[in-house]
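Visitor: Please take one part of this chain and go through it closely. I would like its surroundings as well.

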Amino acid sequence: AEYNNNYKLLLIVSFMSNFFNDTLKDSESLFVDEDALDPEYIPLKIPFRENEQQYIADSIKPLLQKRAGKNLLITGSPGIGKTLAVKHVLREMEEKGIDEETYPFYINCWQKDSAHKIILDMCEQLKYRFTMNKTTEQLVSEISKIINKKSSVIVLDEADHLSIESSSILYSLLENISKKSIFLVTNNKEFLAKLDARIRSRLTPEMLEFRPYNLNETNEILKQRVQYAFVPGIFNEEAIKDIAEKTYQIADIRTGIFLLRESGNIAERKLQRKITQEHTKQAIERLAEVKSENQEEAIEEQNKLIELLKQNPGKSIKEIHRIYDPQLSYRTFLRKVKKLEEDKKE
C-alpha cells in the first residue's frame, strides 16, 4: 500500500512538473528584445536588399571625392524595405566616420509636411539654434553656409506628402547647397511628374525601384526577426510559415512583424512557453479587427468633417480648420478636405 501511494505521488509530481514547465512564471518572457519588432528597428543586416543598398551607397560615393553625388527617386509599394535600406546606409556612413565629411539628413515628410518644418528639422539635426522669427528662405541661406563646408546627403522620406507649395523646398536646397545627394523616397512612382518643371530639370534623379519580396524571402526575413526578438526555439516553424504566407499576400513586411509581436503577446497572456499555430491564427484574426477599427476611425473622422462643413456654410476653410483641430497643421487639414472632395467625385 505504501509503495502504491508513493508511486501515485510520484506520478502526480511528475504531471505537475510537466504542467508548470509549460507555464511562464511572472518574471519570465518569450521576448529577449521586443525592440526588434518595432517598425523603426534597423537590423544589422537587411537580407535581399543588398543590391539596392549598394546602389544607394554608389550614389553617395562621388561626395567622398569632393564631387556632386547622384539624386535618386526611390519607389516601391509600402512595407518592402525602402526606408530601412536608406537608414541602413546612413548608419553605415556614421559607423565608418563618413558623416565627419558629409552631413546626413533624414526627414519624414509625413511629419514635416511644410518647407519651414523641413528646414527647422535640418537646423535641429545640425544643432543650429538661431531659428526664432526667421523665414524659411533666411534659414536655408544660413544653414547652407554651414552645410557647404562639407557635402550632404538629404533624404526626404514620404516625399509625396509634400504639397506643390511646400515642394518648393527642393528648389531652395538644389540652388543653395553645392555638393549633395538628394533621395526622394515615395510609394508613388508618378510623384516626380507633379513637381515644378524647374525642380525636375535641376533634380534629374535616377530611379531606384524596390520590387516586392517573394514568399521565400518573406519567410526568411521573418525568421531573422524571430531570432532577434524571441527566446531561441520557442516559435514554431509552421507558425512562422503561416505568418509569412499572410504577409506575402498583403505584400507588407510590417504586417508580418505586427503578427510576430501579436502572436508572442497572445502566448504570453496564456502563460505558455511556446508560440504555436493557434497563437498565430488568433493574431491573424486580430489583424482583421485592427484594420476594421482603423477603417471605422477613418470613416468617423470623415463624417465629422462632412458634418462640420454642413454646419458652417459661411465660414472660410481656415475658420473651419480652427474649429476642427487647431493643433493639426493647416496643410494636413487641406489634404483631408481635398481627399473628401475627390471621394465625392468618385
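Guide: Here is a close look at helix 4, followed by the cores of the chain. The model is predicted, so local features need pLDDT of at least 70, side-chain atom pairs count only at pLDDT 80 or more, and totals for chains, interfaces and linings use all residues. Residues are numbered from 1 along each chain as its sequence is written, and side-chain values use heavy atoms, with hydrogens and water left out.

The chain holds 13 helices and five strands. These are DSSP runs numbered from the N terminus: helices are H or I, at least four residues, and strands are E, at least two. Helix 4 covers residues 115-126. Its 12 residues should span 16 Å at 1.5 Å a residue, and its end C-alpha atoms are 17 Å apart, which agrees. The expected span is 1.5 Å times one less than the number of residues.

Its buried residues are A115, I118, I119, D121, M122, C123 and L126. Buried means under 20% relative accessible area, with a 1.4 Å probe and protein chains only. They pack against strand 2 (102-108), helix 5 (136-147), strand 3 (151-157) and helix 6 (168-176). Just after helix 4, K127 takes a positive phi of about 65°.

Now the cores. A nonpolar core is a set of buried Ala, Val, Leu, Ile, Met, Phe, Trp, Tyr and Cys residues joined through side-chain atoms within 4.5 Å. The largest has 44 residues, and I56, I74, F230 and F235 touch the most other members. Helix 10 (residues 253-269) gives the most to this core, with six residues. A second, separate core of 31 residues includes I107, L184, L195 and I199.

Definitions and conventions. Buried < 20%, exposed > 50% of the residue type's maximum accessible area, 1.4 Å probe, protein only. Contact = heavy atoms within 4.5 Å.
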